[in-house]
Amino acid sequence: MTQQEKQTELHWYGTPLRVRYQETDQMGVVYHANYLNWFEIGRTDMIRQAGFNYRSMEERGVLLPVLEINAKYGSPARYDDMITVYTAITDFSRLRLNYTYEVRRVAADELQNNVGKVWTQADTLPGELLVTGTTRHAWVNTEWKPVRLDQALPELYTALSFAFTGGEGKKS
């Protein structure tokens, strides 16, 4: 597999959640804006799973604002459902970062068997697909000026490079 093919292969990181009562409407269906919050939870947890703390990123003066967000709703999540937010990087550079998301309803045994696992495109993600989405981001400093991540925070650049490529070239 070439490096270009390796970079286009998605590596999915899962974040399990239980739908809380306050996230639903009177019908017990998740209010649509909550999926955007779940995308953020998946995104920050993926960075944590890749070995970097999101808080320390911000404390060191690097921010990652959302430039664009899209969601496609297929089937609703409901109160008390177990879901997993699957997050993958679709494009990564020194200046920008794009994600894709899948929110899936999962069974309890699927949650327990998949803690800490990273999926590739060869894998079938567990659960029933409910919502898909994407976000686009740019790296900025605390003055909201664009920054090159490889210069501003090289450790994070390396961690995200490994998450994007599935650890290709990772140091032992």
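**Exercise 1. Place Asp 81 in this predicted model, and work out which residues surround it.**

Step 1. Begin with the secondary structure: Asp 81 lies in the loop that runs between β2 and β3.

Step 2. Decide whether Asp 81 is buried or exposed. Its relative accessibility is 15%, and because buried means under 20% relative accessible area, Asp 81 counts as buried.

Step 3. List the contacts, leaving aside neighbours within four places in sequence: Asp 81 is in contact with Leu 17, Arg 18, Val 19 and Arg 105. For one of these residues, Val 19, the C-alpha atom is separated from that of Asp 81 by 5.4 Å, although the two residues are 62 apart along the chain.

Step 4. Turn to the charges: Asp 81 belongs to a network of salt bridges in which it is linked with Arg 105 and Glu 128.

**Exercise 2. Find the salt bridges of the structure, and describe where the partners of three of them lie.**

Step 1. Start from the total, which is nine salt bridges in a search of the whole structure.

Step 2. Take Arg 48 and Asp 45, whose side chains meet at 3.1 Å, N to O. Both residues belong to helix α2, and because they are three residues apart there, about one helical turn separates them. Asp 45 counts as buried, with a relative accessibility of 17%.

Step 3. Take next Glu 155 and Arg 60, whose side chains form a salt bridge of 2.8 Å, N to O. This pair links distant parts of the chain, since Glu 155 is in helix α6 while Arg 60 is in the loop between α3 and β2, 95 residues apart. Glu 155 is partly exposed at 38% relative accessibility, and Arg 60 is partly exposed as well, with a relative accessible area of 44%.

Step 4. Finish with Arg 104 and Glu 102, which form a salt bridge with their closest N and O atoms 2.8 Å apart. Here both Arg 104 and Glu 102 are buried.

**Exercise 3. Classify the aromatic pair of Phe 39 and Tyr 101, and say which parts of the chain it links.**

Step 1. Recall what has to be known: a pair of aromatic rings is described by the distance of the centres and the angle of the planes.

Step 2. Read off both values, from one of the eight aromatic pairs found in the whole structure: Phe 39 and Tyr 101 are 4.3 Å apart, centre to centre, with 5° between the planes. Because planes under 30 degrees apart count as stacked, the pair of Phe 39 and Tyr 101 is a stacked one.

Step 3. Locate the partners: Phe 39 is in helix α2 (residues 34-49) and Tyr 101 is in strand β4 (residues 96-105), so that the pair links parts of the chain 62 residues apart.

Step 4. Check the burial: Phe 39 is buried with a relative accessible area of 0%, and for Tyr 101, also buried, the value is 0%.

Step 5. Add a further group of rings, for Tyr 35, Trp 38 and Tyr 73 form one aromatic cluster.

**Exercise 4. Describe the nonpolar interior, and then a nonpolar patch on the surface.**

Step 1. Consider the largest nonpolar core, which has 34 residues; Trp 38, Trp 139 and Leu 160 are the ones that touch the most other members. The elements giving two or more residues to this core are β1 (11-18), α2, α3 (54-59), β3 (82-92), β4, β6 (128-138) and α6 (154-165).

Step 2. Follow Leu 160: not counting residues up to four places away in sequence, Leu 160 touches Met 46, Ile 47, Ile 89, Phe 92, Leu 97, Trp 139 and Leu 149.

Step 3. Note that another core, of eight residues, lies apart from the largest one, and that Tyr 86, Val 106, Trp 119 and Leu 125 are among its members.

Step 4. Move to the surface, where Leu 36, Val 66, Ile 69 and Tyr 73 make a nonpolar patch of about 310 Å². Strand β2 (residues 66-73) gives three residues, the largest share of the patch. Val 66 is found in this strand β2, and Val 66 is partly exposed, with a relative accessible area of 42%.

**Exercise 5. Summarise the protein as a whole.**

Step 1. Count the elements: there are six helices and six strands, and from the N terminus on they run α-β-α-α-β-β-β-α-β-β-α-α.

Step 2. Describe burial and surface: of the 172 residues, 44% count as buried, while the protein exposes about 9500 Å², of which carbon and sulfur atoms supply 48%.

Methods. Residues numbered from 1 in each chain as written. Predicted model: local features only at pLDDT ≥ 70, side-chain atom pairs only at ≥ 80, totals over all residues. Heavy atoms only, no water. Phe/Tyr/Trp six-rings, centres within 6.5 Å; stacked < 30°, edge-to-face > 60°. Helix = DSSP H or I, 4+ residues; strand = E, 2+ residues; numbered from the N terminus. Buried < 20%, exposed > 50% of the residue type's maximum accessible area, 1.4 Å probe, protein only. Core = buried A, V, L, I, M, F, W, Y, C linked by side-chain atoms within 4.5 Å. Contact = heavy atoms within 4.5 Å. Patch = residues over 30% accessible without salt bridge, like charges linked within 9 Å, V, L, I, M, F, W, Y side chains within 5 Å. Areas by Shrake-Rupley, 256 points an atom, 1.4 Å probe, with all protein chains shown as cover. Salt bridge = Lys/Arg side-chain N within 4 Å of Asp/Glu carboxyl O.
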